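I set down here what I looked up in this structure. The entries are brief and follow the order of my reading.

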Amino acid sequence: MARIVAGVTASHVPAIGAALDLGKTEEPYWRPLFKGFERSKEWMAKTKPDVVIVAYNDHASAFSVEIIPTFALGCAAEFPPADEGWGPRPVPVVKGHPVLAADIAQSVILDGFDLTIVNKMEVDHGLTVPLNLLFGQPKEWPCRFIPLAVNVVMYPPPTGQRCYMLGKAIRKAVESFDEDLKVVIMGTGGMSHQISGPRAGLINREFDTRFLDNLTKDPQALVRIPHLEYVREAGAEAIELVMWLIMRGALDDEVEEVYRFYHVPASNTAVGHIILENKQ
Ligand code: DHB
Ligand code: FE
């Protein structure tokens, strides 16, 4: 049986990718950020998942504003890095797991979640930056990935509750897969986060800390947060945090917090990161 052993969240600030690609990780601005992920990379190398499901958002890279699926599951064998304006990032092609992805699509759709099935897709910083933070800069990524693109770029995004329940449906699908696979689930984006306008750079450390605390202890308090509260309290792009609830829904009710890291500044965003393990 395949099983989900842990959940990981991490912000996906594009400037982190640029710092990596341009060799700036030792600069004073960036060093503390990358240092915060050293333990995470060790944890990932030790955990050695076979497959990582990544709930992330596309930023008008694979999907233009012409078509925006709410939940789109990557069922392809490969997902090349997208050209986000400066050429594709120099990161390995992301290898998928089409068989498990197809099983997840079947199970989750029959459970009432109308996923879009994507058989060809490029992946942007929403996915590639967290991969670097958790796996470093290898020549090839060490496992398979199933991207799950979530709309948080055009109103209305899905509710936190819907995301949480989708996580539960994904878990059920994974656990009904016959092959013995160790699966980790990720949610990317967040935390406090306002990219443009008069409130650009808004950081609400209290909101973020409470969110991290409740992610472990009381996810029910988080699924009730309405969209407007994210936007008002932590900035327009803080809505990306609903993707963390897909991760959380896929875990046990009681989890062990293995590690957390919170860092400001990184561009306009508070970088938040947590690793949660199922206890059994
Ligand atoms: C920034 C953060 C993001 O999540 C994003 O998608 C784009 C930009 C930023 O802080 O610069
Ligand atoms: Fe983003």
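The entries below concern a metal site and two pockets.

**Basis.** I worked from a predicted model, in which local features need pLDDT of at least 70, side-chain atom pairs count only at pLDDT 80 or more, and totals for chains, interfaces and linings use all residues. Residues are numbered from 1 along each chain as its sequence is written, chains are lettered from A and ligands numbered from 1 in the order in which they are written, and side-chain values use heavy atoms, without hydrogens and water.

**Iron site.** I looked up the protein donors (N, O and S atoms within 2.8 Å of the metal, or 3.2 Å for Na, K and Ca; water is not among the atoms, so sites may look incomplete). For the iron ion (ligand 2) they are His 12 (NE2), His 59 (NE2) and Glu 240 (OE), at 2.0 to 2.2 Å. His 12 sits in the loop between β1 (3–10) and α1 (14–21), and Glu 240 in the loop between α9 (227–234) and α10 (242–249), so the pair ties together parts 228 residues apart in sequence. Helices (H or I, at least four residues) and strands (E, at least two) are DSSP runs, numbered from the N terminus. I found both His 12 and Glu 240 buried, that is, under 20% relative accessible area with a 1.4 Å probe and protein chains only.

**Pockets.** A pocket is an open set of 1 Å grid points where a 1.4 Å probe fits, with protein on both sides within 12 Å along at least five of seven lines. The largest has a volume of about 410 Å³, the second largest about 270 Å³.

Terms used:
Buried means under 20% relative accessible area, exposed over 50%, partly exposed in between (1.4 Å probe, protein chains only). On a 1 Å grid over the protein atoms alone, a cavity is a set of points where a 1.4 Å probe fits but cannot get out, and a pocket is an open set with protein on both sides within 12 Å along at least five of seven lines; lining residues have an atom within 4 Å of a point. Grid points are joined across faces, edges and corners, and a volume is the space filled by probe spheres set on the points.
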